[in-house]
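Hi,

Here is the structure I said I would pass on. Have a look at it first, and then read on for what I found about its salt bridges.

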Amino acid sequence: MSAESDLAARIRYVLVRTSHPGNIGSAARAIRTMGFDRMALVAPHRFPDREASALAAGADDVLENATVSDGLVDALAGTSLALGLSARRRGVDLEEITPREAAARALAAAARGEQVALVFGNERTGLENEELARCHAMVRIPSVDDFSSLNLSQAVQVMAYELRVASLGEVAAPVRADAEPPADAAQMERFFEHLAQMLDDIDFHKGRAPTTIMLRLRKLFQRAQPDERELRVMHGIFADAQRMAQIANRKLKGEE
């Protein structure tokens, strides 16, 4: 396997809740022309489908090897960098980057041996805030303000092209010998679940809705990209905090 194809194999295109099977086929064709073949589908409306096969125009291997999952977390399994495409600014406070910046960042991560996901939303509604919150940055294609919405496969083509151009420029990232890879998406989700439970156990929210603070904490830790060892340390801290909260609660009940 060449270095170029090795990098491409670490990059997957994730299509979330795609309504029209033709867009899946067109997206498969778009990435195949740029040297990519990894596609992950999240809850597609119809797939497999004859229209998808027809519009793939020969990129049958992409469709045949596409994974299908019910949720975004499963589609992101193994990835340590997820970049979400959005035509509109959303309520999620994410770093916003251009397709060119996204391509450079994705290839640098792939060169370090990491798995990367480019995430595209539904044709009509795009990515929901909850889906964007699982990404490390938001990518906006700089279209005009009064007609900003691209067809899904066109957006996929733009990103595939930028990645192709960047890869031809031999984008690479130095790897420290002692560096550990960032935790993957599944490990981060388990971490966020433990974090949320710990905050509940110590009554951090005090009756307030936890949504805003959890989004801010998610952004903080996504930006930090902790590795597995660092997550183990945090899990240990959370477990100790939960244990102390249990002891305190037992003492309070005993006093009553």
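Keep in mind that this is a predicted model. I went through the charged pairs, and the count comes to 14 salt bridges. Three of them are worth walking through with the model open.

Start with glutamate 131, which counts as buried at 13% relative accessibility. Its salt-bridge partner is arginine 17, with the closest N and O atoms 2.9 Å apart. Glutamate 131 belongs to helix 7 (residues 129-132), while arginine 17 sits in the loop between strand 1 (11-16) and helix 2 (21-33), so this pair ties together parts that are 114 residues apart in sequence. Arginine 17 itself is partly exposed, at 24% relative accessibility.

Next, glutamate 96 and arginine 140 meet through their side chains in a salt bridge, 3.5 Å from N to O. Here glutamate 96 comes from strand 5 (residues 96-97) and arginine 140 from the loop between strand 7 (137-139) and helix 8 (152-168), so parts 44 residues apart in sequence are tied together. Arginine 140 is the buried partner, with a relative accessible area of 18%, whereas glutamate 96 is partly exposed at 33%.

Then there is glutamate 189 with arginine 134, whose closest N and O atoms are 3.4 Å apart in a salt bridge. Glutamate 189 is in helix 9 (residues 185-201) and arginine 134 in the loop between helix 7 and strand 7, so the pair links parts 55 residues apart in sequence. Both glutamate 189 and arginine 134 are buried.

One last thing to look up: Arg46, Asp49 and Glu51 are joined into one network by salt bridges that share partners.

Cheers

Notes:
Residues are numbered from 1 along each chain as its sequence is written. This is a predicted model: local features need pLDDT of at least 70, side-chain atom pairs count only at pLDDT 80 or more; totals for chains, interfaces and linings use all residues. Side-chain values use heavy atoms; hydrogens and water are left out. A salt bridge is a side-chain nitrogen of Lys or Arg within 4 Å of a carboxyl oxygen of Asp or Glu. Helices (H or I, at least four residues) and strands (E, at least two) are DSSP runs, numbered from the N terminus. Buried means under 20% relative accessible area, exposed over 50%, partly exposed in between (1.4 Å probe, protein chains only).
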